[in-house]
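Please explain how the side chains in this structure are arranged, taking the aromatic rings, the cysteines and one polar residue in turn.

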Amino acid sequence: MYKAIGYAAQTATAPLAPMAFNRRSPRPDDVAIEILYCGVCHSDIHLARNEWGMSVYPLMPGHEIVGTVTEVGEKVTKHKVGDLVGVGCMVDSCRHCEACAADLEQYCLEGPTLTYASPDRVDGSITMGGYSSSIVVSEHFVVRIPEKLDPATAAPILCAGITTYSPLKHYGVKPGDKVGILGMGGLGHMGIKFAKALGAEVTLFTRSASKAEEARRQGADHVIVSTDAEQMEAAAGHFDFLLDTIPVQHDLNPYLQTLRFDGVHILVGLVEPIEPALHAGNLVMNRRVLAGSLIGGIAETQEVLEFCAEHNISCDIEMLDIKNINEAYSRMIAGDVKYRFVIDMATLKA
């Protein structure tokens, strides 16, 4: 067993606090990793506070993990001691269903094993995430961090990056397509960068006109203020794709009307009931598609890291002392971060 320390919530209402615990000794196919950096995702807050009704305590969040390999099991072939590697939102799956066979482990028909708050498939213990000093993961779910990427800014690519990259690739965004990005937080600003790198004409939809300059700095060609009825009307029938990163309930109908026929509106931020009600005519009358997408498989996660290295794409981050994690949660809820907190795990030992 490995002795480890991290920050965990003991109940849905308790602040995150230090906790000592044990990591398993590496199994034959395992990789042991000293964690250097861990991104802070909005889903960490939802799960820490049991807002999705599926949390198990103690709960140690963190699924945007970058670190150094310290030990490998006897059957490991992909990684060696000293390698810089990453772990994203999953640490296991059934490995044999139709989805897993297609490198779509996130849609495992038996359910993927999540990086935290999920029962281990071998011993039933509850997984503990990356707000910690170390982690032990099957090599299949460990990816290589390209040398060209900064390790700290690479961490959020393992969730925010793959979440926005995967649907753009799956639905075939290509040069010349008109892509709208809804919202410009941790997901949205990465969506802008990916769509632009794929050759699309990119427009940010935002409720705040003050974000226009920042959106263009991120690479957006245009900005539409979604609360401006004239701007929304002028955009009717214009877009091929909408990448919707907004994490709270919002009216989809005005956005759907900005799609051309056969346009696709992709939800990646909302995992709640759609309210207000969707008007089916906004889909039926123009053969529009309302779709959803969840992170990406392990092969595609490696692909997005290579894509980021090739196109010099990184996540805009604010480095975080882990002792300030509860304050960081409050700031995230208030939208006061550009655009992703990343914990420097050296502060765990300070």
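**Aromatic rings, cysteines and a buried glutamine**

In this predicted model, ring pairs join Tyr165, Phe194 and Phe307 into a cluster. The total for the structure is 5 aromatic pairs. In the pair formed by Tyr165 and Phe307, the ring centres are 5.2 Å apart and the planes meet at 55°, so the pair counts as tilted. This pair connects distant parts of the chain, since Tyr165 belongs to helix H4 (residues 160-170) and Phe307 to helix H10 (residues 298-311), with the two positions 142 residues apart in numbering. Tyr165 has a relative accessibility of 2% and therefore counts as buried. Phe307, with a relative accessible area of 10%, is buried.

Phe307 also pairs with Phe194; the centre-to-centre value is 6.0 Å and the angle between the planes is 55°, which is again a tilted pair. Here too distant parts of the chain are linked: Phe194 lies in helix H5 (residues 186-197) and Phe307 in helix H10, 113 residues apart. Both Phe194 and Phe307 are buried.

Another ring has a charged partner. Arg260 sits over the face of Phe261, 4.3 Å from the ring centre.

The cysteines come next. How many disulfides does the structure hold? The count is 0. For Cys89, the nearest cysteine sulfur is that of Cys159, at 3.8 Å, and Cys89 is in no disulfide. The cut-off for a disulfide is 2.5 Å between the sulfur atoms, so the 3.8 Å between the sulfurs of Cys89 and Cys159 does not qualify. Cys89 is buried, at a relative accessible area of 10%. Cys97 is likewise in no disulfide, its nearest cysteine sulfur being that of Cys94 at 3.6 Å. The same cut-off of 2.5 Å applies, so this pair of sulfurs does not qualify either. Cys97 has 9% relative accessibility and counts as buried.

The last stop is a polar side chain. Where is Gln106 found? Gln106 is in the loop between helix H2 (98-101) and strand E7 (113-114). Is Gln106 buried or exposed? Its relative accessible area is 4%, and Gln106 is therefore buried. What surrounds Gln106, leaving aside neighbours within four places in sequence? Its contacts are Met90, Pro112, Leu294, Ile295, Gly296 and Gly297. With Gly297 there is a polar approach as well: a polar atom of the Gln106 side chain lies 3.1 Å from the backbone nitrogen of Gly297.

How values were computed. Residues are numbered from 1 along each chain as its sequence is written. This is a predicted model: local features need pLDDT of at least 70, side-chain atom pairs count only at pLDDT 80 or more; totals for chains, interfaces and linings use all residues. Side-chain values use heavy atoms; hydrogens and water are left out. Helices (H or I, at least four residues) and strands (E, at least two) are DSSP runs, numbered from the N terminus. Buried means under 20% relative accessible area, exposed over 50%, partly exposed in between (1.4 Å probe, protein chains only). A polar contact is a pair of N or O atoms within 3.5 Å; within protein, one must be able to donate a hydrogen and the other to accept it, and residues adjacent in sequence count only if both atoms are side-chain atoms. Contact means heavy atoms within 4.5 Å. Rings of Phe, Tyr and Trp (its six-membered ring) pair if their centres lie within 6.5 Å; planes under 30 degrees apart count as stacked, over 60 as edge-to-face and the rest as tilted. A charge sits over a ring if NZ of Lys or CZ of Arg is within 6 Å of the ring centre and within 35 degrees of the ring normal.
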